[in-house]
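Trainee: Got a minute to walk me through this one? I'd like to start with chain B.
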Amino acid sequence: MTTSLVHTRGVGLKQATRDTGIIVKRNAMRNVRIPQLVLFATVQPVMFLLLFNYVFGGSIGLALGDAYGGKYINYLLPGMLVQTALFSSIQTAVGLTEDLAAGVIDRFRSLPIARSAVLAGRTLADMTRTLVVMTLLLAVGFLVGFDAPGGLLRTLAGICLCALFGFSMSWVMALVGLVVKTPEAANSAGFLPLFPLMFASSIFVPPETLPSWMKGFASNQPVTVLSDTLRGLILGDEFLATQSRSLSELILYSLFWIGAIIAVFAPLAVRKYRRTVS
Amino acid sequence: MSTAAVRAEGVIRHFGDVKALNGVSIEFEPGMIYGLLGPNGAGKTTLIRVLTTLLRPDAGTAHVAGVDVLANPTEARRRLGLAGQSAAVDEFLTGEENLHMIGRLYGLSKRDARKRADEVLERMTLTDAANRQVKTYSGGMRRRLDLAASMVGRPEVLFLDEPTTGIDPGSRIDIWGLMADLVDDGTTILMTTQYLEEADQLADRVGVIDDGILIAEGTADELKDEMGGSIVELSVRDADLENTLGALTSALGAGISFDAGRKLISVPAPNGPLELMAVSRTLDAASLIPTQLEIRKPTLDDVFLKITGNGESASTAAGGES
C-alpha cells in the first residue's frame with residue numbers, strides 16, 4: 001500500500017462547510033423532534049415578559065412617563081429579545097454535554113470531518129432555534145400591546161442582529177460545556193456569567209440610575225449595547241434622542257462585540273474540543 | 001509485504017497518577033479478529049482511544065492500516081471505524097437517518113449515503129426498524145445500529161470496545177455472527193472484551209492486558225497450552241475434604257489446589273485420562289465418594305487467572321460471570 005504517503009493533515013474550508021451543514025441538519029431535526037426544546041425555550045422568556053410587564057410595568061411606567069406611548073412593554077420587549085438570546089445560548093452547553101455523555105462526540109471525532117464542524121453545527125442550529133423563539137416572543141408582545149414604533153422591518157432587522165449575538169454567546173457556552181462536561185453542571189455554570197450581564201444592563205431599566213462605578217461597565221457591556229441598538233431600531237428616534245450614540249454607532253458597536261466574542265471564544269472552544277476526552 | 005492492520009509500539013498514557021497504558025506494543029495482520037482481553041481498568045479502552053485518534057499518548061507510536069494516527073489522524077480516520085462502549089447513536093433520529101448522516105460525513109453524496117445506509121441496515125437485520133426513531137429500539141438493536149454506524153465508511157480496521165457488554169445472550173450471538181461475516185469480507189477487527197468465552201469463540205489472536213501492559217499474546221489454543229494440559233476437578237462433602245486432600249497429595253504429589261469459593265479441588269492432568277484414573281483409584285482405596293468428578297480442557301479463564309496472578313479469590317468472581 002502506498003497510501004501511507006498520502007498526507008492530509010486536516011480538511012479544507014469547503015469540506016468544513018459541508019460537514020457543518022450536515023451537523024446543523026442533525027441538530028435542527030432534534031429541535032423539531034423534541035418539541036420541549038423549543039417549548040421551554042419559549043415559555044421562559046414569555047413568562048418573563050409578562051411578569052416584568054405586569055409586575056414592574058406600573059412603577060417603571062411612571063418613571064418613563066409618556067415616552068414610547070406610555071407603555072413599558074415597548075421599552076421592555078427589545079431587552080427581552082436580548083435576554084432570550086442570552087438564555088438560549090445555555091442550551092448550546094447543555095446539548096454538547098449531552099452528546100459527550102452519549103458518546104456521540106467520540107463517534108464524530110473518529111470520523112474524517114472538520115474539527116470545527118461539530119461545534120459550528122451546534123451553534124448555528126441553536127441560532128436557528130433562537131430565531132424561532134424570538135419570533136414567538138414578538139408575537140406574544142404584540143398581543144399584550146407592543147406596537148413596534150420603528151416599523152416591522154426594523155424590528156425584524158433587530159431580531160436578526162440579536163440572533164447573531166446569541167450565536168456569539170453560543171461559542172462562549174460551547175467552551176463552558178466542554179469544560180464542565182455534564183449537562184447539570186452546564187446548566188448552572190452557563191447561568192453564572194449571564195446574571196451580571198443581564199442585570200447590570202439596560203434590559204429592564206435605563207442604566208442612568210445605576211451607581212456611577214457600575215455605570216461605566218453597564219453602558220458599554222455587550223448586553224446594554226445590543227439592547228440599546230435593538231431599541232434604536234425598534235423604537236426609533238424617540239429612543240435615540242435619549243442616547244449619546246447614534247443608531248449607526250450603536251449597530252457598529254454591536255457588531256464589534258459580536259465579532260470580538262466570536263474571535264475570542266470560537267478558537268478557544270475548537271481548541272478545547274480537539275483535546276476533550278469524554 | 002503486507003502492512004500490519006495495527007502496529008503500536010511503546011504506547012504510554014498516564015492520567016495523573018493512573019498509569020492507564022504503561023508501554024503497550026501490539027501488532028497484527030489484516031483479516032483477523034484480535035481479541036484484547038482484560039479486567040476493568042486494565043487499559044483496554046484507553047488503547048482503543050489512542051488507536052482511533054481520540055486520545056494522544058504521552059509516548060509511543062501507533063499505525064492503523066499503515067497510517068500514522070498521530071501524524072496523520074484525518075487519513076487514519078478514513079480507514080478505521082469505531083463502536084464505543086455506549087451506543088453512540090441519536091435517539092431522536094431514525095436508524096436510517098443516523099446512518100445517512102454518517103455516510104454524508106464520510107463524503108458520500110445523498111444518494112450514495114442512502115444506498116450505503118440501506119445496505120448496512122440490511123446487513124445488521126435492522127431493515128424493518130429503519131424508519132423508526134432509535135428511542136424505540138431495544139438494547140440489542142441499538143448495539144447493532146452502532147455497529148452499523150461504524151461500518152458505513154467501509155473501514156479497513158474496525159475497533160469494537162466491548163461490543164456485547166450488557167446485552168442479552170441472543171443478541172450477543174447475533175453480533176458474533178455479524179463480526180465473523182465482516183472478517184470474511186476482509187475487514188480486520190480489534191475488539192475488547194471482559195468475557196473470556198467471547199475471545200475464545202471469536203478471536204484469531206488474543207492479547208491479555210492488565211495494569212496497562214500486554215502480558216500475554218497468542219492464539220487461544222497457544223495460551224491454553226501454556227497451562228500444561230487438562231485439569232481434573234472434583235468436589236466432596238465438607239466432612240471428607242481434609243481426608244481427600246491428604247490422600248490425593250500423597251498419591252499424586254504437589255500441584256493440587258482447592259478453590260474455597262467454588263468448593264472445587266483441582267488436579268493438574270498433563271496426561272489427561274491417566275490422572276483421572278489415578279484420582280478415582282485413590283478415592284476408591286480411601287473409600288471416599290466424590291459428589292462431582294470431571295476432567296476438562298483449560299479455558300481462557302484458567303490462563304487469565306494464572307497470568308494476571310489474581311489467584312483463587314478472583315477465580316470465584318470470574319467463574320460466576322462466564
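Mentor: Sure, one term before we start: two residues are in contact if their C-beta atoms, placed from the backbone, lie within 7 Å. And keep in mind that this is a predicted model.

Trainee: OK, so of the contacts in chain B between residues at least 6 apart in sequence, what share join residues at least 24 apart?
Mentor: That share is 70%.

Trainee: And how many helices and strands are there in chain B?
Mentor: Chain B has 12 helices and 14 strands. As for burial, 44% of its 322 residues count as buried.

Trainee: What's the strand order in the open sheet of 6 strands?
Mentor: In chain B the order runs S6-S7-S8-S3-S9-S10, and the pairing is mixed. S6 and S10 (213-218) of chain B are the edge strands, each pairing on one side only. From one strand to the next, the twist averages 20°.

Trainee: In which sense do S6(B) and S7(B) pair?
Mentor: Parallel, over 4 bridges. Within that pair, Leu82(B) has Phe159(B) in S7(B) as its bridge partner.

Trainee: Which strands does helix H1 of chain B touch?
Mentor: H1 (residues 44-51) packs on the sheet against S3, S7, S8 and S9 of chain B, and its direction makes about 150° with that of S7(B). Helix H6 (residues 169-184) of chain B also packs on the sheet, touching S3, S7 and S8.

Trainee: Switching topic: how many residues does each chain bring to the contact?
Mentor: Chain B gives 25 residues and chain A gives 27. On the chain B side, H2 (73-79), S6 (80-83) and H3 (95-105) each supply at least two residues. The largest share there, 4 residues, comes from H2(B).

Trainee: How does that side of chain B divide into nonpolar, polar and charged?
Mentor: It's 12 nonpolar, 8 polar and 5 charged.

Note on methods
Residues numbered from 1 in each chain as written. Chains lettered and ligands numbered in written order. Predicted model: local features only at pLDDT ≥ 70, side-chain atom pairs only at ≥ 80, totals over all residues. Nonpolar A, V, L, I, M, F, W, Y, C, P; charged D, E, K, R; others polar. Buried ≥ 20, exposed ≤ 12 C-beta atoms within 10 Å, placed from the backbone. Pairing = 2+ DSSP bridges. Axes fitted to C-alpha atoms, helices over the stretch in contact; angles between N-to-C directions.
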